[in-house]
Amino acid sequence: MKNKLLLIFVFLSFGIYAQTSDETLVKETIDDFFKAFHAKDSLAMQKVVSSTIYLQTVGKDKAGEFLLRTENYTDLVRSITSIPDSVNFQERLTDYTIKIDAHMANAWVPYEFWLNGAFHHCGVNSFQLYKENDAWQIIYLIDTRRTEGCTPSSK
């Protein structure tokens, strides 16, 4: 009986370790994306995203109405890499909630966006990732952008 309990414990431990390891890898993939984002390094960004990545944003238009906007990844990269060096931008990730099932992961990542040292807006990034050849790739990213209800942290 003791051997059976020990065996069950060992198998459960491996399962917990694998989940934790994948959670760490998912978080690292997202962190690597934002390191490249802040460095305006399109090649490093490409290493962690799928070639078929799908991007969307939920936000308000000029009339104050919410809308869902689909973005082209190439346009996103072009806009980031064209930001002048004199402009300081930072998307601060404030938390991670990661769920994994087999080779699919979801990460809910609230953020604050700072522009030239001043708070600009907040929101949530929702990432969908797919694990291929032991590497997690971002396949879908949708985010919200708002100024209401934000509680920015201090610098």
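1. Of the 155 residues in the chain, 33% count as buried. The model under review is a predicted one. The chain exposes about 10000 Å², and carbon and sulfur atoms supply 58% of that area. Among contacts between residues at least 6 apart in sequence, 52% join residues at least 24 apart.

2. The secondary structure consists of three helices and seven strands. In sequence order these elements follow the pattern α-α-β-β-α-β-β-β-β-β. The points below take up the pairing of strands, then the aromatic residues, the disulfide and individual residues of the chain.

3. Strand 5 (residues 104-115) pairs with strand 3 (residues 89-93) in the antiparallel sense, over five bridges. Within this pairing, R92 has E112 in strand 5 as its bridge partner. The side chain of R92 also deserves attention: R92 lies over the face of W114, at 4.1 Å from the ring centre.

4. Strand 5 is also joined to strand 4 (residues 97-101), again by five bridges, and the two run antiparallel. I98 is matched here with A107 in strand 5 as its bridge partner. Strand 4 and strand 5 form a hairpin with two residues between them. In the turn of that hairpin, A102 has a positive phi of about 55 degrees.

5. A further antiparallel partner of strand 5 is strand 6 (residues 118-132), and 12 bridges join the two. One of the matched pairs is M104 with Y130, the latter in strand 6. This hairpin likewise has two residues between the strands, and N116 takes a positive phi near 50 degrees in it. As a general point for reading such strands, side chains in a regular strand alternate between the two faces of the sheet.

6. How many aromatic pairs does the count come to? The total is eight aromatic pairs. One of them is formed by F33 and F34, which meet edge-to-face, 5.2 Å centre to centre and with 90 degrees between the planes. Both of these residues, F33 and F34, are buried. Ring pairs also link F33 and F34 with F37, F89 and F127 into a cluster.

7. Y54 and Y140 form another pair: their ring centres are 5.7 Å apart and their planes lie at 25 degrees, so the pair is stacked. This pair links distant parts of the chain, with Y54 in strand 1 (residues 49-60) and Y140 in strand 7 (residues 135-144), 86 residues apart. Y54 is partly exposed, having a relative accessible area of 41%. Y140 is partly exposed as well, with a value of 22%. The cut-off for a buried residue is under 20%, so the 22% of Y140 does not place it in that class.

8. The count of disulfides comes to one. C122 and C150 form it, with their sulfur atoms 2.0 Å apart. The torsion about the S-S bond is about -80 degrees, so the disulfide is left-handed. C122 lies in strand 6 and C150 in the segment after strand 7, so the pair ties together parts that are 28 residues apart in sequence. Are these two cysteines, C122 and C150, buried or exposed? C122 is buried, and so is C150.

9. D31 is found in helix 1 (residues 2-39). Leaving aside neighbours within four places in sequence, D31 is in contact with L93 and Y96. The C-alpha atoms of D31 and V48 are separated by 9.8 Å, and these residues are 17 apart along the chain.

10. Two loop residues other than glycine merit a check of their backbone. K40, in the loop between helix 1 and helix 2 (42-46), has a positive phi near 55 degrees. With a relative accessibility of 18%, K40 counts as buried. D134, placed in the loop between strand 6 and strand 7, is not a glycine either and has a positive phi of about 65 degrees. Which class of exposure does D134 fall into? D134 is exposed, with a relative accessible area of 63%.

Conventions. Residues are numbered from 1 along each chain as its sequence is written. This is a predicted model: local features need pLDDT of at least 70, side-chain atom pairs count only at pLDDT 80 or more; totals for chains, interfaces and linings use all residues. Side-chain values use heavy atoms; hydrogens and water are left out. Helices (H or I, at least four residues) and strands (E, at least two) are DSSP runs, numbered from the N terminus. Contact means heavy atoms within 4.5 Å. Rings of Phe, Tyr and Trp (its six-membered ring) pair if their centres lie within 6.5 Å; planes under 30 degrees apart count as stacked, over 60 as edge-to-face and the rest as tilted. Buried means under 20% relative accessible area, exposed over 50%, partly exposed in between (1.4 Å probe, protein chains only). A charge sits over a ring if NZ of Lys or CZ of Arg is within 6 Å of the ring centre and within 35 degrees of the ring normal. Two strands pair if DSSP finds at least two bridges between them. Accessible areas come from the Shrake-Rupley method with a 1.4 Å probe; for residues, only the protein chains shown count as cover. A disulfide is a pair of cysteine sulfur atoms within 2.5 Å.
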